[in-house]
Amino acid sequence: SAGYHTLMSGKWHLGYHSPATWPCQRGFDRYFGCIAGGFNYFRPGGNRRMVLGNELVSTDSDFYATDDLTDMACMFLTEVTERDDKPFFLYLAYNAPHWPLNSKWEEYLKYKGKYTDGWQAVMQRRLAKQKAMGMWPDDITPAPHVGPKWESLNDQQRTDLDAIMAAYAGCIDSIDQNVGKLVAHLEALQRRDNTVIFFLSDNGSCQEGGRLGQGNEAMIKNPPLETTDGVRLGLAWANASNTPFRLYKHFVHEGGACTPMIASWPSKIPTESLGAFVRQVAYLPDFMATCLDLADANYPNDVPPHHGRSLLPLLTGSSEPIHTEPLYFEHEGNASLRWGDWKLVRQYKKPWELYNMAEDRTELNDLSESETSQREKMIDMWETWATKHEVRFPERFNMYEHLHKQRQKEKQQAKKAGT
């Protein structure tokens with residue numbers, strides 16, 4: 001309604017079975033990507049095929065998801081800029097580095113052998129680099145690694161684990177190249193200076209794939225096609241990838257919920273702010289408020305209200321927090337509440353933990369016993385919010401447990417019946 005072209009390329013994963021929930025029915029003029037979750041980078045198959053608009057499309061032998069998603073995004077941008085002078089909104093949602101870790105062979109070879117000294121050594125190097133960049137103070141205490149000692153593994157395990165991490169790096173290398181391609185295309189269209197770019201991930205590193213991950217060099221060289229089977233990072237490497245935080249995707253401890261974001265806006269971000277860290281808390285709902293602010297658009301009255309705050313002050317030099325109100329989270333039974341420097345957090349049905357984030361960024365000093373009144377107050381706040389917004393997960397979690405037991409019962413019955 002603010003006069004923008006709305007374009008999307010990439011992973012949707014917000015409703016597959018009903019086309020009414022697909023991108024072109026949810027506000028996007030053009031769409032190319034996969035409606036389902038993760039998909040094969042080389043040859044998507046099954047219900048994880050590519051879609052153009054509302055139609056399934058085939059891919060050829062030259063298809064590589066990270067490249068083609070960018071190429072289609074660039075094509076959309078060319079179309080709309082040649083048509084008129086209206087501004088555009090582009091959402092480019094790369095599948096990489098979601099499993100399967102389908103690295104190009106040539107990208108994999110760049111990183112093969114770089115991880116043979118193991119995850120503890122990788123974590124030490126990464127934390128040292130982060131400190132040197134000014135990301136963390138020198139006295140930060142990193143979360144410990146939860147995997148086995150690298151030296152306890154046999155030679156084949158270490159070789160395979162080096163290959164898995166090299167494949168992960170190869171997938172990210174392709175993202176870097178394609179972000180560069182997109183930026184160069186914006187420059188060629190003479191739209192770069194007045195385009196704001198936000199680059200971030202949707203969660204911490206993914207531990208799916210078991211404790212030691214899944215895959216080897218042979219699987220990288222000849223990956224299974226039309227399937228999401230293949231190389232997976234696993235818990236031990238995900239732990240290293242989330243240095244210095246605890247836990248990973250699925251959880252709302254910092255390793256699962258906090259990701260870095262890069263913002264670029266040549267014509268508006270002050271010169272003195274370039275390359276600087278902004279340490280104020282923000283979360284994904286803020287993008288709605290930010291886009292409304294940037295586009296000078298009005299939020300419609302006939303949809304549920306949004307709860308974000310605009311990031312624009314932080315982009316243009318303010319050091320004041322945009323959030324003073326509590327921020328609530330729930331994901332698959334994991335829950336948290338961030339309120340100022342306090343963070344209340346819970347893993348599934350485990351007891352609530354409490355941390356002071358100004359003093360304990362890596363969530364290692366649980367204050368739930370010494371700060372009981374603060375803990376109880378925040379638990380009450382979270383419960384009230386969860387009830388109001390119908391996300392009280394214990395009942396939902398019990399439903400999953402019930403369904404699991406029901407499936408097990410059906411399997412046993414089928415086995416007895418010989419079906």
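**Gly 134**

I looked up Gly 134 in this predicted model and found it partly exposed, with a relative accessible area of 32%. That value is why I do not list Gly 134 as buried, since buried requires under 20% and exposed requires over 50%. Gly 134 sits in the loop between α3 (119-133) and α4 (155-188). Its phi is positive, at about 90 degrees, just after α3. I then asked which residues Gly 134 touches beyond its neighbours within four places in sequence. I noted Phe 277 and Arg 279. I also took a distance to Ser 310, which is 176 residues apart from Gly 134 along the chain. The C-alpha atoms of the two are separated by 25 Å.

**Helix α3**

From the loop I went back to the helix before it. I counted 15 residues in α3. From its first C-alpha to its last, α3 reaches 21 Å, close to the 21 Å expected at 1.5 Å a residue. Which residues of α3 are buried? I wrote down Trp 119, Ala 121, Val 122, Met 123, Leu 127 and Gln 130. These buried residues pack against α4 and α6.

**Nonpolar cores**

I followed Trp 119 into the largest nonpolar core, which has 52 residues. Trp 119 is among the residues with the most contacts inside this core, along with Tyr 115, Leu 233 and Trp 237. At least two residues of the core come from each of β2 (30-34), α1 (65-83), β5 (88-93), α2 (105-111), α3, α4 and α6 (235-241). I asked which element gives the largest share of this core. α4 does, with 12 residues.

I took Trp 237 as an example. Leaving aside neighbours within four places in sequence, Trp 237 contacts Tyr 115, Gly 118, Trp 119, Val 122, Trp 150, Leu 161, Ile 164 and Met 165. I also found a second, separate core of 13 residues, including Met 378, Ile 379, Trp 385 and Ala 386. As a general remark, nonpolar side chains tend to be buried together in soluble globular proteins.

**The sheet β8-β9-β10-β11**

I next traced an open sheet of four strands, in the order β8-β9-β10-β11, with antiparallel pairing. Which strands lie at the edges? They are β8 (327-331) and β11, each of which pairs on one side only. Averaged over the sheet and with direction ignored, neighbouring strands are turned by 15 degrees against each other. Helix α10 (residues 372-388) packs on this sheet and touches β8, β9, β10 and β11. I read the angle between the directions of α10 and β9 as about 115 degrees.

**Strand β10 and its partners**

I checked both sides of β10. Strand β9 (residues 334-339) pairs with β10 in the antiparallel sense over five bridges. On that side, Ala 335 stands opposite Arg 346 in β10. The two strands form a hairpin with two residues between them. Gly 340 in that turn has a positive phi of about 65 degrees.

On the other side, four bridges join β10 to β11, and these strands also run antiparallel. Lys 343 stands opposite Tyr 355 in β11, and Leu 344 has Leu 354 as its bridge partner there. The hairpin of β10 and β11 has six residues between the strands. In that hairpin, Tyr 348 takes a positive phi near 45 degrees.

Is β10 enclosed or open, by residue burial? Four of its five residues are buried, so I entered β10 as largely enclosed by the rest of the structure.

**Gln 347**

I then moved to the loop between β10 (342-346) and β11 (353-356), where Gln 347 is found. Gln 347 has a relative accessible area of 11%, so I listed it as buried. Beyond its neighbours within four places in sequence, Gln 347 contacts Arg 246, Leu 247, Phe 251, His 253, Asn 334 and Glu 353.

**Whole protein**

I closed with the overall figures. The protein has 11 helices and 11 strands. Its C-alpha trace spans about 60 × 55 × 55 Å along the principal axes. The radius of gyration is 23 Å, which agrees with the value near 22 Å for a compact globule of 419 residues. I noted that 44% of the 419 residues count as buried. Among contacts between residues at least 6 apart in sequence, 66% join residues at least 24 apart.

Note on methods:
Residues are numbered from 1 along each chain as its sequence is written. This is a predicted model: local features need pLDDT of at least 70, side-chain atom pairs count only at pLDDT 80 or more; totals for chains, interfaces and linings use all residues. Side-chain values use heavy atoms; hydrogens and water are left out. Buried means under 20% relative accessible area, exposed over 50%, partly exposed in between (1.4 Å probe, protein chains only). Contact means heavy atoms within 4.5 Å. A nonpolar core is a set of buried Ala, Val, Leu, Ile, Met, Phe, Trp, Tyr and Cys residues joined through side-chain atoms within 4.5 Å. Two strands pair if DSSP finds at least two bridges between them. The expected span of a helix is 1.5 Å times one less than its number of residues. Axes are lines fitted to C-alpha atoms, for helices over the stretch in contact, and angles run from 0 to 180 degrees between N-to-C directions. The radius of gyration is taken over C-alpha atoms; the globule rule is 2.2 Å times the number of residues to the power 0.38.
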